[in-house]
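Me: I would like to work through a structure by asking questions, one topic at a time. Please reason through each answer carefully and finish on what I asked for.

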Amino acid sequence: MKIKTHFGDALILFLVAAFLVVPLVLTFFYSVFTEWMDILPTGFTLNFYVEIFSDGAFINSLLRSIIISIIPVVICTISILLVLYVITLYVPRLEKYVEILCNIPYAIQGVILAAGVISLYSGKPGFLSNRIFLLVGSYCIIVLPYIFRGLKNTIGALNVRCVIEAAQVLGCSKLHAFFTIVIPQMKRGIISTMMLAFTMLFADFVVVNMIAGSAFRTAGIYLYQTMSKSGQISSAIIVILFITTLIISTLTLMIQNKAVKSTKRREA
Amino acid sequence: MAYIEFRGICKSYDGINQVLKNIDLDIEKGELVTLLGPSGCGKSTLLRSLAGLEDINSGQIILDGEDITHTPVQKRGIGMVFQQYSLFQNMNVEDNIAFGLKIAKMDKAQIEQKVKAAIEMVDLAGKEKSYPSQLSGGQQQRVAIARAIVMEPKVLLLDEPLSAIDAKLRRELQEKIKKVQKELKITTIFVTHDQDEAMIMSDRIHLMNQGIIEQSGQPVQLYTHPVSKFSAEFIGHYNILTPEQLTNFFPEKRFPGNFYAIRPETFLLSSEPIQDPEFMTFEAEVMDFISRGNVLRYTLKCKNVTFTSEVLFRSFALFDVGSVVHVGIEEHNLLMLND
């Protein structure tokens, strides 16, 4: 019975892994062969990768994607942390309203959001009509519910009020206690939440294309523009983007594991 | 003038249900007093209002001659230990204890010296670099005590600090707290709902009920002379009897008032008639008995009145269920209550 269960588990795992990995492996194969007319591809080459990396525009677009994804995540995380500080310690009755407010973006499609933002702000004077500013703002709205949910669950697991009261009795201000005691305890939750939000924005094409336009070449836009030129190059770009995300995720996991290991070491 | 004075303290959360009703209370310097009472009686609220963690609606709090009613919590010079330990999980024992001293911008060498002394006082030497998650509940609470006393506060507040700790460890910590308190001669207010703990720990007990101080006094005084039905029921396992019920026991006597309290251990039980003229006697049937270690608690019945009696567990003094025993009590042990 036990063996059967193990076999069942392994089969499910295998099928899921195959479902996720096979398209990527095929894309990779397509990017390193010149032709794929038969069952097996022919003409192994890394020229497509060489071509991509020798084009400075791709590196720029990749960096642009990373930066334009990180900025809204950081802004949103800091804002939500401050909001949670206020509602946890000063006005807990506002929590349900903040929650409703933060959940609204769940219901807004990217296309609708982008169209709404453009029609509202285009033509406005000063920085308001700046496309990059609008893009950052829109991204903040998109990731808001995810960041709020992640951070709220993290803070909910801590007895914040009591810890801050203990710090206050020792002469510390509430804000100082929040940043020196509560936030360090939330580190793992903050990293996971930021990572989730980052990957969402990093993969975006619709919003950036509508708001910033194709002149603002992020990795997604670059990929879109390349697709009409060469299938192999666009496959190579997909593989590179995947590896980039994988590297960022691995780094995040390493930071998290470091925190877990040090906790376990302390507990051992 | 007392060291700590509460004057006319009133507190309500919604304007209707008063948690504290015009509390007047004096606490002398160096005392270890206990605020004792059931859940929701206002004892923690009173403690937190002294700490500055709870605003009061009216009244005045004076500490060492200074009105601190509106002083911010950080500036009251009060140390507090919470029920949930409230240690900073991201800091080790040393850093937890040094936290307040660092906030006060004390000299580094002085901090080290004070932290070391505090760690030794609560017997945590060798655990300096441990994190709270590595410590037992008792050790964590000792860190919390050290963190509070290292600040040399004017008053140490202990808000049910032992309620989450198992019985054996609790006894050890009770002794530790008493020892530290006597050593430092620090004025300490201890909040608990456990009457045994209050008896063991306190120089003085203030028994609270529904937002008022029901009775104050030394532990023995409170135990032997409860003034109200509530005090008698809360402090001991008193038998609360009406004058009519007592008349069932002693038909020749008349009892004024509404309620009488009789401590279970004041009954004398005997299989033979009691000859001592000091004792008023009657007969009762043994309904049940339970052993509480060194004490046997009998449930007895006399003319439809059920009461309990406690005697030291001696094998020769066992009475069987259903047997009739002679019960004696001295008249001064019938305590008339104010209710």
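Me: In the hairpin of strand 1 of chain B and strand 2 of chain B, which residue takes a positive phi?
Reply: This is a predicted model, in which local features need pLDDT of at least 70 and side-chain atom pairs count only at pLDDT 80 or more, while totals for chains, interfaces and linings use all residues. Residues are numbered from 1 along each chain as its sequence is written, chains are lettered from A and ligands numbered from 1 in the order in which they are written. Strands (E, at least two residues) and helices (H or I, at least four) are DSSP runs numbered from the N terminus. Five residues lie between the two strands of this hairpin, and the one with a positive phi, near 85°, is B:Gly15.

Me: Over how many bridges do strand 1 and strand 2 of chain B pair?
Reply: Two strands pair if DSSP finds at least two bridges between them. Strand 1 of chain B also pairs with strand 4 (residues 58–63) of chain B, in the antiparallel sense over five bridges, and there B:Arg7 stands opposite B:Gln60. With strand 2 (residues 18–27) of chain B, where B:Glu5 stands opposite B:Asp26, strand 1 pairs in the antiparallel sense, and the number of bridges is six.

Me: Which strands stand at the edges of the open sheet with the order 11-12-18 in chain B, and why is one side of each left without a neighbour?
Reply: The sheet has three strands with antiparallel pairing, and strand 11 pairs with strand 12 (residues 260–262) of chain B over three bridges. In that pairing, B:Asn239 stands opposite B:Ile262. Each edge strand has a single partner strand, so one side of it is left without a neighbour in the sheet, and these edge strands of chain B are strand 11 (239–241) and strand 18 (335–336).

Me: How far apart do the C-alpha centres of domain 1 and domain 2 of chain B lie?
Reply: The domain bounds, which come from an automatic or database domain assignment, divide chain B into domain 1 (4–234) and domain 2 (238–336). Two residues are in contact if their C-beta atoms, placed from the backbone, lie within 7 Å, and the contact between these domains takes five residues from each of them. The C-alpha centres of the two domains lie apart by 39 Å.

Me: Which helix of chain A gives the most to the side that touches chain B?
Reply: Across this interface, 17 residues of chain A are in contact with 21 residues of chain B. Helix 7 (160–169), helix 8 (174–185) and helix 12 (231–267) of chain A each supply at least two residues of the side that touches chain B. With six residues, the one that gives the most is helix 7 of chain A.

Me: Which helix supplies the largest share of the largest nonpolar core?
Reply: A nonpolar core is a set of buried Ala, Val, Leu, Ile, Met, Phe, Trp, Tyr and Cys residues joined through C-beta atoms within 7 Å, and a residue is buried if 20 or more other C-beta atoms, placed from the backbone, lie within 10 Å of its own. The largest such core has 140 residues, and those touching the most other members include A:Val143 and B:Ala51. Not counting residues up to four places away in sequence, A:Val143 touches residues including A:Pro72, A:Cys76 and A:Leu201. The largest share of this core, eleven residues, comes from helix 6 (residues 131–156) of chain A.

Technical notes:
A residue is buried if 20 or more other C-beta atoms lie within 10 Å of its own, exposed if 12 or fewer, and partly exposed in between; C-beta atoms are placed from the backbone.
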